[in-house]
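Me: Could you take a close look at one ligand site for me? I'd like to know what surrounds it and which contacts hold up at the atom level.

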Amino acid sequence: MSTVKVNHKARKRAKVTDKVATVLIVTFAMAIVAILLGLLGFILFRGLGHISWSFLTTVPQTMRAGGGIGPQLFNSLFLLFLTMLITVPLGLGAGIYMSEYAKPGKLTNFIRLVVEVLSSFPSIVIGLFGLLLIVNTFNLGFSLLSGALALTIFNLPLMVRITEQAFAGVPKEQKEAGLALGLSKWKIITSIMLPVAIPSLITGTILASGRVFGEAAALLFTAGMSTPPLDFSNWNPLSPRSPINPLRPAETLAVYIWKVNSEGIAPDATQIAAGASAVLVIMVLIFNLLARFLGRTLYRYMTALRRMS
Amino acid sequence: MALPFSTEDLSIYYGEYQAVKNISMSFPAQSVTALIGPSGCGKSTFLRSLNRMNDEIAGSRTTGHIWMDGVDLTASSTDVIKLRQRIGMVWQRPNPFFKSIYENIAFGPRYYGTKNRKQLDEIVESSLRKAALWDEVKDRLKESALSLSGGQQQRLCIARALSVTPQILLLDEPASALDPVSTGKVEELISELKDELRIVIVTHNMQQAARVSNYTAYFYLGKLMEHGETDTIFTNPTQQSTQDYIMGRFG
Amino acid sequence: MALPFSTEDLSIYYGEYQAVKNISMSFPAQSVTALIGPSGCGKSTFLRSLNRMNDEIAGSRTTGHIWMDGVDLTASSTDVIKLRQRIGMVWQRPNPFFKSIYENIAFGPRYYGTKNRKQLDEIVESSLRKAALWDEVKDRLKESALSLSGGQQQRLCIARALSVTPQILLLDEPASALDPVSTGKVEELISELKDELRIVIVTHNMQQAARVSNYTAYFYLGKLMEHGETDTIFTNPTQQSTQDYIMGRFG
Amino acid sequence: ACGSNTGTTGSGSTTGTTGEASTGTELSGSVLAVGSTALQPLVDQVAQKFMADSKYANISVQVQGGGSGTGLTQVSEGQANIGNSDVFAEEKLDADKAKELVDHQVAVVAIATVANEAAGVTNLTKQQLIDIFTGKVKNWKDVGGKDQAIVIVNRPSSSGTRATYEKFALGQKVEDLAGSIQEDSSGTVKKLVTETPGAIGYLALSYLDDSLKAIQYDGVDANVENVESGKYPVWAYEHMYTKGEPDAATKALLDYMLTDEVQNSDVKDLGYISISGMQVKRDVDGKITK
Amino acid sequence: MEQSNTTPREARRRAWPMEKHRVEDWIGKIYTSICVVFLIAVIISIVYFVTSKGVATFAVNGVSLKEFFLGTNWNPQADTPSFGALPFITGSFMVTLLAALIASPLSISAALFMTEIVPSFGKRILQPAIELLSGIPSVVYGFIGLSVIVPFLREHVGGQGIGIGAGALVLSIMILPTITSVAADALASLPRGLREASYALGATRWQTIYRVVLPTVMPALLTGIVLGMARAFGEALAVQMVIGNSPHIPTSLLESASTLTSVITLGMGNTAMGSIQNNALWSMALVLMLMTFVFVLIIRLLERRNRL
Ligand SMILES: Nc1ncnc2c1ncn2[C@@H]1O[C@H](COP(=O)(O)OP(=O)(O)OP(=O)(O)O)[C@@H](O)[C@H]1O
Ligand SMILES: Nc1ncnc2c1ncn2[C@@H]1O[C@H](COP(=O)(O)OP(=O)(O)OP(=O)(O)O)[C@@H](O)[C@H]1O
Ligand SMILES: [Mg+2]
Ligand SMILES: [Mg+2]
Ligand SMILES: O=P([O-])([O-])[O-]
């Protein structure tokens, strides 16, 4: 049996290449970490100094220094809540349809295509669409509700994909066990698969929230660029000064940053932009950590040994 | 309760590929029928078709008939969900729900309308007893089913299948992932259960087939090569291929 | 070429869990050693450690020694890449590269520095011949390896392992996913190859172990329970557990 | 004034119906003002004051940006009660649509030429500016400054600020030159002109501070007195258009805009020029009358 | 209808499960179908709406397709307006390609790092880091671009700082997470046996990656890159802040230029609906939308190849 002749030079070269390539890959990967740390560092370094309790709670000032971002922060959170209120049931339903009901075929393919196209749609176009259809034709005006609907369009595909993946991640055996027991499909979906899928659903949803939270282009023309004076003691959702009136206009944090960056004439405009950016990034960071924590806790809760009924 | 249960000219296709070829066989009451044959010969496919679980696989198609009590189960008018309540199933890998031990068993009966807590408790206890698991878990019914060992999980799955009082139980290699002790327990369980219901079991272990079954069917390349009393098949097969397989010449 | 090859006190851990426990055994030249034992007893883990493939699994840790030609292969100074060229491996599921048949075989030799097209052609042909595949594929060398049947793919993987002329070949259930005809071919191949190299094979099929191996080692719960000539083990095991397993009482 | 009640049906804008009786005390309703980003801060601030006034407690005012074009479209289509604009409606809309709109001029905004320090100039003539913005002159040394390449920082061609600047500073429209920068917002223009060596741009007076000084136009300083007296020509009205005559609530807001209280404080504070102080008037075609 | 234990009740008990599961499955099907129909309705209305507005430039205002797609002169406000959108189309493609060129090696390295080199560290540190990157809002990226990247380029590379180069850099950071996560998924889903087979032959890690792993996942990597490009193509605010927005095809990477999105953002608010200037912007939105379709179709093709 003739053995393969080992070309030692070639082997040596291969090993050197291996080392070089590894170093390169590691360097590039670390470059990403460096970019991230740089970005975070920059944003936080510039902004943290300006963040204080009063900055987070007071109203902005057009001319004078010392304005806050209270209403904007509230608007962002409330808009996020409204958006999720609309998106989650819709996205969940469509995602379940895609993963459990749709038969592979032309229609399913078409829907997937739709979801993909929608999710890579420029958000500015969605904003304009929102202006003409939601704000004008549906007569919802510049309002939280308009903004939430525009963000829904923007967020729905993501939610569908998250749901589809979460359900696809449920072991096939779980479904089979339910079927063999003679349960209806819907019962299996809601009582057996959903609990297993919930951790990844939560994680995905919270990460998606981060994106919604930072969106500006789609909101300029829908939720608007101003906030009426809010009366935080008035919780009647129909009153125009109530913070939770869904038909009032609302400038979000991201929109405000954009506005201050572009048109701000207050003497501390730069610091306000920096502070607000830092707040935005910190919120996204919190969302991330929360997603991770909740996802892990829920996963443990659902599968852990100490689970109570 | 000895309603007839049989297949007639049953074929199953995956797209163009015919995995099961014109199988006609019947499953006598109060007995265990073992399906044996080399990997890929269509045992699981055949078994799954008996409670229409194969419907769930996109692209699969069935022709022929499955008769139960004079009704053709393959008819499109059959209420598969009701059907599956009558024909239970257990797989090779235990698949308990990600729920407590109690919930795993109570889930089915509750769905069928038993809301009364006491009745449920009774069903849970009797199902677990039948699956020879009661003594091991009676103090930890609220714990997650996943905290059980593999063998216990498998018996839990059998208990779960029993909780809705099926008339037929389909088992697909129920012991092949278990340790010797658990295997022994599951085999014992099968022998006991056969007095109450009909059992169809797929196994790779010839000795297991010989030990637990009354009838054996040998499948090869989607065809039913031989079917008869287990003793006859093992001692005196008519086909060379059956003998080769049983003797471990391949597979 | 009869360099000694053995393990000494070899243990393998996955994190805290010890999957293989203090195994010392040797593999005689020009012979086939079969590793048998129930699922999860550590056969694959042990086999993979012999060419340090277990290093690739995060969290695994090895203690003890593997002696080859007087050198300890577990030493950190060992050139694992060179080592693996000398110890080939084939898995249960065929895993051809997503490349042409030719490229699958030429891949290894080319990386050892054989660039010459004629030499490569020769290696491809001889490897495929040894794996008894040449006649079936010689006209379609440029086609994708994935277009072959499962049995052909498995023989291709064996040919690929042979292409770098290893001295030892590790086989992990190489025939368990194959049809009877392919199984026969692979077993034949093993018998032929053992004249040129040492073979270690994991199998679930007792008859297969009996047919192809000269020595058999029975593993149970990570321990080597019994090791000796195949005839002795099968006819006259010293341990009850070995006998139970061989007789198909469990597993 | 509120009897006609033309237009203004639409989004978020129920008209001041109870005000029909027009006692002025019982006014209620909501007003939506949309448009120019340049005018937005002023209207926004005045609106807040307006709503804080107990007389108007039942009127809610919304102020949105979106740009002059959006404002004019929205008001013309009845989506908004007021369209804020930096330019005359005739310049953006079709003539027949523009005719339906009623102009309310509420302030004047003056625009000053600004340049980066490295330019080294303090005064530019109209011709020099034309030469610069049309690309005839590419280096500051040709207009009496340092040897430094000129970088043009423009507003986009659709901007009202730019239209005003072109009309009154250059007297002609200019194209976007290759290599010139167009920025949508005054803030960014300011940042870029401050930072980029040799940059030239133009900004409303309100954006000027110590970091950026205005350049004289034909020897005239860009300041409030010169605008009021008509000596400095680069200025424009800020308009608040209504479709037809405004309803009561809208009219109340528009009247409030013109009170001395607003004109002498908010307007000036925010860097606009009070409409009442102007000694000259200008029409759509740019004709000046004393 | 509380009856005692009589036959009807027994019958109802037998009948009930059937009824119940039929009803449940009905609810499920209807609910999920409504959601999907909504999804489809949304996309159809967007497509219809953008198309109808975008086509108006040509159908109503009579701008020729040739002028729009091949003309290099964009001057809609002039007395004799011209509507050459080629500079924007070129600009969009330039920033997109450049961004992909910068981001791809970085992203693929990161994915390899996570799956092939140090999975534990990669999973624990790198992946969350990259997810975080995808959560940073585009206004913040624009802000950073304007305050860090532009001044940096101006001082260390030359020119105005603003331009295609700055836009591509900002975009490349923004699409890093997209490409990385697709690539990492593809790598993780490779059959384990492939790598083992290569290692077992004595190949080094790099040989395994370069000769076995990368060729096998190539279609998926390309999918990720195209997905990233689609995102870059549609990004508006961040690019608009740093690219300079000159309506000309630039002669250098450091010269002010425009993209379709930047010109839409700039002009949309300042032009009146229905005017020719406004319609021309919608035509660009239409181009954007069509490009989105093209990107998705390319991804589809790549995925089909991947499945083979
Ligand atoms: N979902 C499927 N789609 C397409 N082909 C399938 C599918 N499931 C099984 N097959 C094919 O049908 C044939 C029979 O498969 P089946 O699983 O029934 O065999 P089996 O006898 O149970 O094998 P094993 O002993 O390995 O479990 C095989 O060739 C298999 O490849
Ligand atoms: N990558 C891994 N990480 C952690 N534990 C592992 C890993 N691989 C195997 N094990 C555990 O190590 C033990 C031995 O596994 P191994 O795969 O070696 O068994 P085996 O004898 O080959 O079984 P089979 O016959 O099913 O292939 C098992 O308990 C298994 O769960
Ligand atoms: Mg099977
Ligand atoms: Mg194994
Ligand atoms: O206020 P502008 O029209 O210049 O944006």
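**A look at ligand 5**

Reply: Let's start with a polar contact: in this predicted model, the side chain of D86(D) has an N or O atom 2.4 Å from an oxygen atom of ligand 5. T161(D) makes a similar kind of approach, with a side-chain N or O atom 2.6 Å from an oxygen atom of ligand 5. Then there's S159(D), where a polar side-chain atom sits 2.8 Å from an oxygen atom of the ligand. As for how much of ligand 5 gets covered, on its own the ligand has 200 Å² of accessible area, and the protein covers 97% of that.

Now zoom out a little to the whole shell. Ligand 5 lies between chains D and E. From chain D, the residues around the ligand are S36(D), T37(D), A38(D), S68(D), D86(D), R155(D), S159(D), G160(D) and T161(D), while chain E brings in N270(E). Sort that shell by character and you get 7 polar residues, 2 charged and 1 nonpolar. The nonpolar one is A38(D), and the charged ones are D86(D) and R155(D). So D86(D), with its 2.4 Å approach to a ligand oxygen, counts as charged by its residue type, Asp.

Finally, a bit of context for the chains. There are 8 pairs of chains that touch, and the pair with the most contacts is A and E. Chain D, for its part, doesn't touch chain B, and their nearest C-alpha atoms are 50 Å apart. Chain D doesn't touch chain C either, again with nearest C-alpha atoms 50 Å apart.

Technical notes:
Residues are numbered from 1 along each chain as its sequence is written. Chains are lettered from A and ligands numbered from 1 in the order in which they are written. This is a predicted model: local features need pLDDT of at least 70, side-chain atom pairs count only at pLDDT 80 or more; totals for chains, interfaces and linings use all residues. Side-chain values use heavy atoms; hydrogens and water are left out. A residue is near a molecule or strand if one of its heavy atoms lies within 4 Å of it. A polar contact is a pair of N or O atoms within 3.5 Å; within protein, one must be able to donate a hydrogen and the other to accept it, and residues adjacent in sequence count only if both atoms are side-chain atoms. Accessible areas come from the Shrake-Rupley method with a 1.4 Å probe; for residues, only the protein chains shown count as cover. Contact means heavy atoms within 4.5 Å.
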